[in-house]
Amino acid sequence: MMDGQYDTIVIGVLAVCLILWLFFGLRNWVNRPIPVSLSGMQLNSEIQDSPAVDLLEAEGYEVIGGKMKVPLAFEADESVYYSRLFIDYVAERNDERYLVKTSRRRQPLELTGPALRDRFLYYLLLYPGCEGLLYVDMEESDIKIIKLMDYQEDVYDGDDLD
């Protein structure tokens, strides 16, 4: 008789755990933000020839969008301020889309966490559906792929705090 009670208790505990796991998993799935897809993004079909386009094509990317201006407006202290972001190109390879920024002689790329954050985070947050950002370094004839990774607090050691 005791064995039957233990079996019932174990099955009951397992059922409660399964129900809680399904509830929290479903809740996280429903609350997850929908990424903005670059496939729905209005692309500039006018692509001007440039060494950056040649470099991208040589590396197997297809440039599918030309230079774009993304208008922004901010409200601060009851005043409205305007600005814009510039995307040099949109490129695609293996059905993955990337925003493209080209190097500027007066703004060399610094490969540190804070520098990448300050320079590129808003692009990656603006279009989270993109695979990443391609930085075309014209001085070095090189393409760097910059991706926003999932943050894991236990992995981060805090060495590059700004």
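Which residue caps the N-terminal end of helix 3? In this predicted model, the cap is Thr-112, which places a side-chain oxygen 3.2 Å from the backbone nitrogen of Ala-115.

## Helix 3

Helix 3 is made up of 14 residues, and the distance from its first C-alpha to its last is 19 Å, which is close to the 20 Å expected at 1.5 Å a residue. The helix nevertheless bends by about 55 degrees, and the bend is located at Phe-120.

Phe-120 is also one of the buried residues of helix 3, a set that further comprises Pro-114, Ala-115, Arg-119, Tyr-123 and Leu-124. Ala-115 therefore appears twice in this account, as a buried residue of the helix and as the residue whose backbone nitrogen lies 3.2 Å from the side-chain oxygen of Thr-112. The cover over these buried residues of helix 3 includes strand 3, strand 5, strand 6 and strand 7.

## The loop between strand 5 and helix 3

Ser-103 is found in the loop between strand 5 and helix 3, and its relative accessible area of 14% makes it buried, because that value falls under the 20% limit. Its side chain reaches the backbone nitrogen of Met-138 at a distance of 2.9 Å. When neighbours within four places in sequence are left aside, the residues in contact with Ser-103 are Tyr-135, Val-136, Asp-137, Met-138 and Glu-139.

Glu-139, listed among those contacts of Ser-103, also forms a salt bridge with Arg-105, with the side chains meeting at 3.5 Å from N to O. Arg-105 lies in the loop between strand 5 (96-102) and helix 3 (113-126), while Glu-139 lies in the loop between strand 6 (132-137) and strand 7 (142-146), so this pair ties together parts that are 34 residues apart in sequence. Both partners count as exposed, Arg-105 at 75% relative accessibility and Glu-139 with a relative accessible area of 57%, whereas Ser-103 in that loop is buried.

## Other salt bridges

The count of salt bridges comes to 7. As a general point, side chains of opposite charge can pair when their charged atoms come close. One of the pairs joins Lys-67 to Asp-88, at 3.8 Å from N to O. This pair links distant parts of the chain, 21 residues apart, with Lys-67 in the loop between strand 1 (62-65) and strand 2 (68-76) and Asp-88 in the loop between strand 3 (79-87) and strand 4 (89-93). The two partners fall into separate accessibility classes, since Lys-67 is partly exposed at 43% while Asp-88 is buried, with a relative accessible area of 3%.

Another salt bridge is formed by the side chains of Lys-144 and Asp-142, which meet at 2.8 Å from N to O. Here Lys-144 counts as partly exposed at 23% relative accessibility, and Asp-142 is likewise partly exposed, with a relative accessible area of 30%. Beyond individual pairs, salt bridges that share partners join Lys-67, Asp-88 and Arg-104 into one network.

## Cysteines

The count of disulfides comes to 0. Cys-17 is partly exposed, at 45% relative accessibility, whereas Cys-130 is buried, with a relative accessible area of 10%.

How values were computed:
Residues numbered from 1 in each chain as written. Predicted model: local features only at pLDDT ≥ 70, side-chain atom pairs only at ≥ 80, totals over all residues. Heavy atoms only, no water. Salt bridge = Lys/Arg side-chain N within 4 Å of Asp/Glu carboxyl O. Helix = DSSP H or I, 4+ residues; strand = E, 2+ residues; numbered from the N terminus. Buried < 20%, exposed > 50% of the residue type's maximum accessible area, 1.4 Å probe, protein only. Disulfide = S-S within 2.5 Å. Polar contact = N/O pair within 3.5 Å; in protein donor to acceptor, adjacent residues only side chain to side chain. Contact = heavy atoms within 4.5 Å. Expected span 1.5 Å × (residues − 1). Bend = angle between axes of the 7 residues up to and from the residue.
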